[in-house]
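Reader: I am a first-year student, and I would like a close look at one part of this protein, the loops where the backbone bends in uncommon ways. Please go on from there to whatever the lines of the chain around those loops can show me.

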Amino acid sequence: MLGMMQDWPLLCHKILDYAAAQHGGREIVSRSVEGPILRTTYADIHARAKKASQALEADGFGLGDRIATLGWNSARHMEAWYGAMGIGGVYHTLNPRLFPEQIAWIMNHAEDKGLFVDLSFLPIVEAIADNVPSLRKIIVLTDADHMPKSSKLEMVDYESWIGQHDGDFAWKQFDENTACGMCYTSGTTGDPKGVLYSHRSNVLHALISVQPDALNLGSNEVIMPVVPMFHANAWGIAHSAPMVGAKIVNPGPLMDGASIYELLDSEKVTMTAAVPTVWLMLLSYLEETGKKLPHLNRVVIGGSACPRAMTEAFQNDYGVQVIHAWGMTEMSPLGSLGVMKPVYSDLEGEVLLDMQEKQGYAPFGVEMQITDDENVELPWDGKTFGKLKVRGPGVAKAYYGGAGVEQFDQEGWFDTGDVAHINANGYMQITDRSKDVIKSGGEWISTIDLENLAVGHPDIQEAAVIGIVHSKWDERPLLICITKQGKNPAAEDILEFMRGKVAKWWMPNAVAFVEEIPHTATGKIQKTELRKQFADYRFDDG
Ligand code: ADP
């Protein structure tokens, strides 16, 4: 017997319909590529996204067409997403931090037909457009006045392009499982892999993420997604913020400490989200200037492990709650959040910080397990670590084009490639990427734990740990550090700081100081590159 409730497909553009109807006057503020701060509203974005849909249709785009975007976070970028989704098209975010050849590879793999691009990224497009035969329309996210005087590309400016239409458009209707968005993982090993979101997965992910014990979003919130729309589906914020009518403040191209601070302050931002590297820049700006964060209530930190010292600085020095989150492009992307359950509500000081080093627990809609190499499920005891696997309505069931089949099993579990333990209360802690874990004498050493500890030293700016071949133990940890400006600590001083805080046999065998630690296009430490740089390194005793 079927239920007798309405069939109301979960389509993303319904989110924007809702935002316009219930929160039409709520603002979206964007620092533009051209310079000025632009202000618009959900009602306006709604009307203009419909014009974008009309313009796309007039240009012959339709169901299933991949329409790429190469842009900073902005209201126009958001309109482009919704405009594409509204005709059944698929927004495809491209990461401008990748090499142009990688971007071309990804566009060809996805067979992108259209492209929305910010002025800042035109040189990339000029370099690759000839190598992407499927591409037949380029729309620059600007107005006629700011268009370049000459270019080898044939392109239109967004404002004139949508300006030809009246916005009198009914979004297309289709099954909620229809594809609506696409995002490639950055491919630090092997080729990038495409994740293809559906309307249903994005809507459910947004519903999951606004919950009180997740991002806790509501209409009173002023949210600044520093996490770019081109990284991991913008952590769902382009869907979750309009779903609750939160005001959005887009940082555009400027993510340095001073620029981020300026918007946090002038727009009275209450909640923000980004990877740790961004917060390092903000925290050192605050330290230098003595400025405070009176409006900011909480900051979501993920994409890489949030160092304990960072949580401590935000909470103790600035009164801003840190929510440590974990997720992946393949998970839409939120997978777990470090919000405290009642059993931990009394924690404070160091014990609270211990708990916040964990990546938190999975909200409804994300199932988790850890297994050993033989696929046997491991206990949730907070110490046994194994392969972290997930499933749920926001988790990919395959990669676009069939890559990586070995990561998906018969029971629907997706192997994240992360190694983690989970405690009895469900709090998960990532100890490594499976390819980064150090195997010493048959036992595993967590590089993330060591890195977090090392950056707690007052003179250390950033730290990375890699395994170095060792004749007796197979591999032993090498700690690679960048020191803070003007600081010159001795290796022994850092090791002494770490001693007693981790098992003795986890202690790095040596410390190497470097000027720079390489990062991936999504801000993660590029361990593959570090391993290459230190390929010939050997310890004195090994
Ligand atoms: P990409 O692989 O393209 O850089 P993703 O955001 O999809 O982008 O990367 C997901 C991976 O990032 C996770 O599998 C995990 O290894 C790492 N990660 C994300 N959040 C955290 C976190 N809070 N702590 C540790 N690692 C994290």
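Author: Before any loop can be placed, we need its borders: helices (H or I, at least four residues) and strands (E, at least two) are DSSP runs, numbered from the N terminus. This is a predicted model, in which local features need pLDDT of at least 70 and side-chain atom pairs count only at pLDDT 80 or more, while totals for chains, interfaces and linings use all residues. Residues are numbered from 1 along each chain as its sequence is written, and side-chain values use heavy atoms, with hydrogens and water left out.

With those borders in hand, we can start with Asn375, which sits in the loop between E16 and E17. Although Asn375 is not a glycine, its phi is positive, at about 70°. The rule behind that remark is that most residues other than glycine have a negative phi, and most peptide bonds are trans. As for its surroundings, Asn375 has a relative accessible area of 43%, so it is classed as partly exposed (buried means under 20%, exposed over 50%, and partly exposed in between, with a 1.4 Å probe and protein chains only).

A second loop, the one between E14 and E15, holds Ser332, which is likewise not a glycine and yet has a positive phi of about 80°. Its relative accessibility is 1%, and therefore Ser332 counts as buried. What form does the peptide bond from Ser332 to Pro333 take? That bond is cis, with omega near 15°. Pro333 too lies in this loop, which runs between strand E14 (321-327) and strand E15 (334-337).

Let us return to the strands on either side of the Asn375 loop, E16 and E17, and ask what joins them. Arg391 forms a salt bridge with Glu367, and the closest N and O atoms of the two are 3.3 Å apart (a salt bridge being a side-chain nitrogen of Lys or Arg within 4 Å of a carboxyl oxygen of Asp or Glu). Arg391 belongs to strand E17 (residues 386-391) and Glu367 to strand E16 (residues 367-371), so that the pair links distant parts of the chain, 24 residues apart. Both ends of this bridge are partly exposed, since Arg391 has a relative accessible area of 25% and Glu367 has one of 40%.

Another loop takes part in a bridge directly: Asp436 pairs with Arg531, their closest N and O atoms lying 3.0 Å apart. Here Asp436 is in the loop between strand E19 (428-433) and strand E20 (438-440), whereas Arg531 is in helix H15 (residues 527-533), and the two linked parts are 95 residues apart. The two partners are covered to unlike degrees, because Asp436 is buried at a relative accessible area of 10%, while Arg531 is partly exposed at 28%. Elsewhere, Glu34, Arg48, Arg76, Glu79 and Glu159 are joined into one network by salt bridges that share partners.

In the whole structure, a search finds 27 salt bridges. One of them joins Lys247 with Glu27, the closest N and O atoms being 3.7 Å apart. Because Lys247 lies in strand E11 (residues 247-250) and Glu27 in strand E1 (residues 27-31), the pair ties together parts that are 220 residues apart in sequence. Lys247 is buried, with a relative accessible area of 9%, but Glu27, at 24% relative accessibility, counts as partly exposed.

The stretch of chain leading towards Lys247 deserves a careful look as well. Helix H8 (residues 237-244) is mostly covered, eight of its eight residues being buried, and among them are Ile237, His239 and Met243. After H8 comes Gly245, and its phi is positive, near 75°.

His239 leads us on to Asn202, a residue of helix H7. Asn202 touches His239 together with Cys12, Tyr91, Cys180, Tyr197 and Asn233, not counting residues up to four places away in sequence, where contact means heavy atoms within 4.5 Å. Its relative accessibility is 1%, so Asn202 counts as buried. Computed along the chain, as it were by counting, Asn202 and Ala179 are 23 residues apart, and in space they are 9.9 Å apart, C-alpha to C-alpha.
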